[in-house]
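Me: I would like a close look at a single part of this model. Please take me through the ligand site and then outward from there.

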Amino acid sequence: MAELLPELLAVRGVSVRFGGVQALTEVDLTARAGDITSVIGPNGAGKTTLLGVINGAVTPLGGSVRLDGADLSGRPIFERAAAGVVRTFQNLEIFSNMTVLENVMTGGHLHAGYTLLDSLLRTPRFRREEKRLAALCREKLDFVGLAHKAHLPAADLPYGEQRLLEIARAIAVEPKLLLLDEPAAGMNNKETQQLGAIIRRIRGELSIGVVLVEHDMELVMDVSDRITVLNFGRILAEGTPREIQDNPEVVAAYLGED
Ligand SMILES: Nc1ncnc2c1ncn2[C@@H]1O[C@H](COP(=O)(O)OP(=O)(O)O)[C@@H](O)[C@H]1O
Ligand SMILES: [Mg+2]
């Protein structure tokens with residue numbers, strides 16, 4: 001058996017309620033460093049809610065979230081981002097009035113080596129750091145294949161490229177863990193294949209752990225090391241892609257649908 005990699009993310013016993021809706025019940029999720037860990041399940045199963053619990057956007061009733069052994073439970077979003085957790089959104093959230101590069105720089109600014117005062121006074125340190133950041137963000141654009149569009153307004157990109165832009169912005173934070181919420185939604189086959197290759201390189205070349213929420217089963221089965229299946233806010237199964245595809249309960253609840 002392959003040696004187990006260390007746990008990067010450990011979600012334990014998380015429950016979430018929105019008014020009368022029990023969105024998650026006692027959910028566990030483990031993501032190991034160097035793995036692509038996917039979360040699948042029907043619409044309304046609680047996948048987006050789970051990503052929100054991990055990045056701090058959703059407050060659970062109970063349970064814990066640990067990253068690299070550090071307890072992030074109860075910490076606000078910006079602290080978790082600084083600790084290494086970033087996400088992308090099911091409904092694209094890019095700044096359409098900014099250029100492609102400026103969008104990525106909003107991610108990179110988390111690591112800016114200057115103070116607010118430096119930026120207001122435009123000190124030499126500020127200008128030096130802005131240059132360094134712009135170069136770093138260009139690298140991230142290059143990583144997703146959008147470097148040649150750096151100066152276009154983000155709104156001018158086709159939809160699939162806007163999704164890649166959102167990923168470039170997220171990796172500009174240089175996180176330990178990247179949470180992707182249905183990144184292939186609205187992409188055609190070719191774009192989805194390119195996305196699969198990028199997700200693998202995020203793990204392999206950038207050494208960023210990935211938690212992928214996705215409906216495209218070809219993509220999920222292709223890139224995932226482990227898969228957790230959610231159904232009505234509860235864990236239905238956990239395993240390798242092969243184990244999940246062969247699990248009769250999963251096929252009945254979800255995979256049988258398509
Ligand atoms: N902010 C919210 N307020 C109320 N109900 C919500 C909210 N977000 C999600 N829900 C409900 O929680 C359940 C899980 O939703 P979600 O996590 O978006 O599922 P998925 O991403 O798997 O489709 C659904 O019943 C949804 O309607
Ligand atoms: Mg969702």
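How do the residues of the shell around ligand 1 divide into nonpolar, polar and charged?

Reply: A caution to begin with: this is a predicted model.

The shell around ligand 1 divides into five nonpolar residues, five polar and one charged. Its members are Phe-18, Val-21, Ala-23, Pro-42, Asn-43, Gly-44, Ala-45, Gly-46, Lys-47, Thr-48 and Thr-49. Two elements, β2 (21-32) and α1 (47-55), each supply at least two of these residues. Helix α1 gives the largest share, three residues.

Now the polar contacts. A polar backbone atom of Gly-44 sits 2.7 Å from an oxygen atom of ligand 1. Gly-46 also uses its backbone: an N or O atom there is 3.0 Å from a ligand 1 oxygen. Thr-48 uses its side chain instead, with an N or O atom 2.9 Å from an oxygen atom of ligand 1. On its own, ligand 1 has 570 Å² of accessible area, and the protein covers 59% of that.

Thr-48 has a second partner. The magnesium ion, ligand 2, has two protein donors, Thr-48 through OG1 and Gln-90 through OE1, at 2.0 to 2.2 Å. This pair links distant parts of the chain, 42 residues apart. Thr-48 belongs to helix α1, while Gln-90 lies in the loop between β6 (85-87) and α3 (100-108). How covered are the two donors? Thr-48 has 31% relative accessibility, so it counts as partly exposed. Gln-90 is partly exposed too, because its relative accessible area is 29%.

Stay with helix α1 for a moment. Asn-55 is in this helix. Its relative accessibility is 7%, so Asn-55 counts as buried. A polar atom of the Asn-55 side chain lies 3.2 Å from the backbone nitrogen of Ala-57. Beyond its neighbours within four places in sequence, Asn-55 is in contact with Ile-77, Arg-80, Val-85, Arg-87 and Leu-179.

Next, go to α3, the helix at the far end of the Gln-90 loop. Seven of its nine residues are buried, so α3 is largely enclosed by the rest of the structure. The buried ones are Val-100, Leu-101, Asn-103, Val-104, Met-105, Gly-107 and Gly-108. They pack against α5 and α6.

Val-100 leads on to Lys-149, since the two are in contact. Lys-149 is placed in the loop between α5 (124-143) and α6 (159-172). At 18% relative accessibility, under the 20% cut-off, Lys-149 counts as buried. Apart from neighbours within four places in sequence, its other contacts are Leu-157, Pro-158 and Glu-161. Ile-202 is 53 residues from Lys-149 in sequence, and their C-alpha atoms are 20 Å apart.

Finish in helix α6, where Leu-164 lies. Leu-164 counts as buried because its relative accessibility is 9%. Leaving out residues up to four places away in sequence, Leu-164 touches Val-144, Leu-146, Met-187, Leu-195 and Ile-198. Leu-141 is 23 residues from Leu-164 along the chain, with 8.6 Å between their C-alpha atoms.

To recap the site: backbone atoms of Gly-44 and Gly-46 face ligand 1 oxygens, as does the side chain of Thr-48. Thr-48 and Gln-90 are the protein donors of the magnesium ion.

Note on methods
Residues are numbered from 1 along each chain as its sequence is written. Chains are lettered from A and ligands numbered from 1 in the order in which they are written. This is a predicted model: local features need pLDDT of at least 70, side-chain atom pairs count only at pLDDT 80 or more; totals for chains, interfaces and linings use all residues. Side-chain values use heavy atoms; hydrogens and water are left out. A residue is near a molecule or strand if one of its heavy atoms lies within 4 Å of it. A polar contact is a pair of N or O atoms within 3.5 Å; within protein, one must be able to donate a hydrogen and the other to accept it, and residues adjacent in sequence count only if both atoms are side-chain atoms. Accessible areas come from the Shrake-Rupley method with a 1.4 Å probe; for residues, only the protein chains shown count as cover. Helices (H or I, at least four residues) and strands (E, at least two) are DSSP runs, numbered from the N terminus. Ala, Val, Leu, Ile, Met, Phe, Trp, Tyr, Cys and Pro count as nonpolar, Asp, Glu, Lys and Arg as charged, and the others, Gly among them, as polar. Donors are N, O and S atoms within 2.8 Å of the metal (3.2 Å for Na, K and Ca); water is not among the atoms, so sites may look incomplete. Buried means under 20% relative accessible area, exposed over 50%, partly exposed in between (1.4 Å probe, protein chains only). Contact means heavy atoms within 4.5 Å.
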